[in-house]
Amino acid sequence: MNGGICEAIATCPGYICRCGTNFTGIHCEDCNQRGNALGMESHLIPDDAITASSFEPAYQPYSGRLNAKGWIALANDTGNPYFQVRFGQEKIVSKVIIQGVLGDKVDDHACVKTLYFSSSLDGVRWVDNRPRDFSACQVFYGQTELVFAAPIHAKYIRINPTNWFRRPALRIELYGCDPPNNT
């Protein structure tokens, strides 16, 4: 599956699979941590699939794409701010690249300092996910790559900032692949 080659093992019952590029797992069913860009920066993910708990008019959620202008939450959005991406179909997400936002004025520069991720297959029930090597003091200045300990199967990914510099603000790209039944 996914370009892998499985062969029977002569010395015992069973088989072994050698996985193709960007896949791992017993049956080559999951993306490895490299994965492929899922479409934030390239606009493969449409603007209306990117939402947030709030946003400054000049920094709307669809601007939260890697290397774009960026998303900035409203100043009063301090309870449970979030930035959310909806995929058109289920994806396997293996990592996220996050950048801070350089505002129009120096006083508008902002970034997320700590966060957690949530994922959902239906947009109603959410599961919290932590990337590999994540710690409560992780700081995102410039560009940071966060790799999930286990790939996440999701139609929705939500980034939940818990601490930030000035305001919740970010630009992202998600990496991963299609699950086997979507390829």
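**Close-up 1. W126 and its aromatic partner.** W126 is partly exposed here, with a relative accessible area of 25%. This is a predicted model, and the whole structure holds three aromatic pairs. In one of them, W126 meets Y156 edge-to-face, with 6.1 Å from centre to centre and 65 degrees between the planes. W126 sits in the loop between β9 (111–120) and β10 (127–129), while Y156 belongs to strand β11 (residues 143–165), so the pair links parts 30 residues apart in sequence. Y156 itself is buried, at a relative accessible area of 18%.

**Close-up 2. W71 and F83, a tilted pair.** The two ring centres lie 5.4 Å apart and the planes of W71 and F83 meet at 45 degrees, so this pair counts as tilted. W71 comes from strand β7 (residues 71–72) and F83 from strand β8 (residues 83–99), so the pair ties together parts twelve residues apart in sequence. Both W71 and F83 are buried.

**Close-up 3. K95, with a ring and a carboxylate.** Look for the charged end of K95 over the ring of Y175, 4.7 Å from the ring's centre. K95 also makes a salt bridge with E145, where the closest N and O atoms are 3.3 Å apart. E145 is in strand β11 and K95 in strand β8, so the bridge joins parts 50 residues apart in sequence. K95 is buried, with a relative accessible area of 10%, whereas E145 is partly exposed at 45%.

**Close-up 4. D178 reaches K91.** This is one of five salt bridges in the structure, and the closest N and O atoms of D178 and K91 are 2.5 Å apart. D178 lies in the segment after β12 (169–177) and K91 in strand β8, so the pair ties together parts 87 residues apart in sequence. D178 is partly exposed at 22% relative accessibility, but K91 is buried at 15%.

**Close-up 5. D122 and R125.** Here's another salt bridge, between D122 and R125, with the closest N and O atoms 2.8 Å apart. D122 is partly exposed, with a relative accessible area of 30%, and R125 counts as exposed at 62%.

**Close-up 6. R158 over Y82.** The charged end of R158 sits over the ring of Y82, 4.0 Å from the ring centre. For the wider setting, zoom out: the protein has twelve strands and zero helices, and 46% of its 183 residues count as buried. Among contacts with a separation of 6 or more, 69% involve residues 24 or more positions apart.

Notes
Residues numbered from 1 in each chain as written. Predicted model: local features only at pLDDT ≥ 70, side-chain atom pairs only at ≥ 80, totals over all residues. Heavy atoms only, no water. Helix = DSSP H or I, 4+ residues; strand = E, 2+ residues; numbered from the N terminus. Buried < 20%, exposed > 50% of the residue type's maximum accessible area, 1.4 Å probe, protein only. Contact = heavy atoms within 4.5 Å. Phe/Tyr/Trp six-rings, centres within 6.5 Å; stacked < 30°, edge-to-face > 60°. Lys NZ or Arg CZ within 6 Å of the ring centre and 35° of its normal. Salt bridge = Lys/Arg side-chain N within 4 Å of Asp/Glu carboxyl O.
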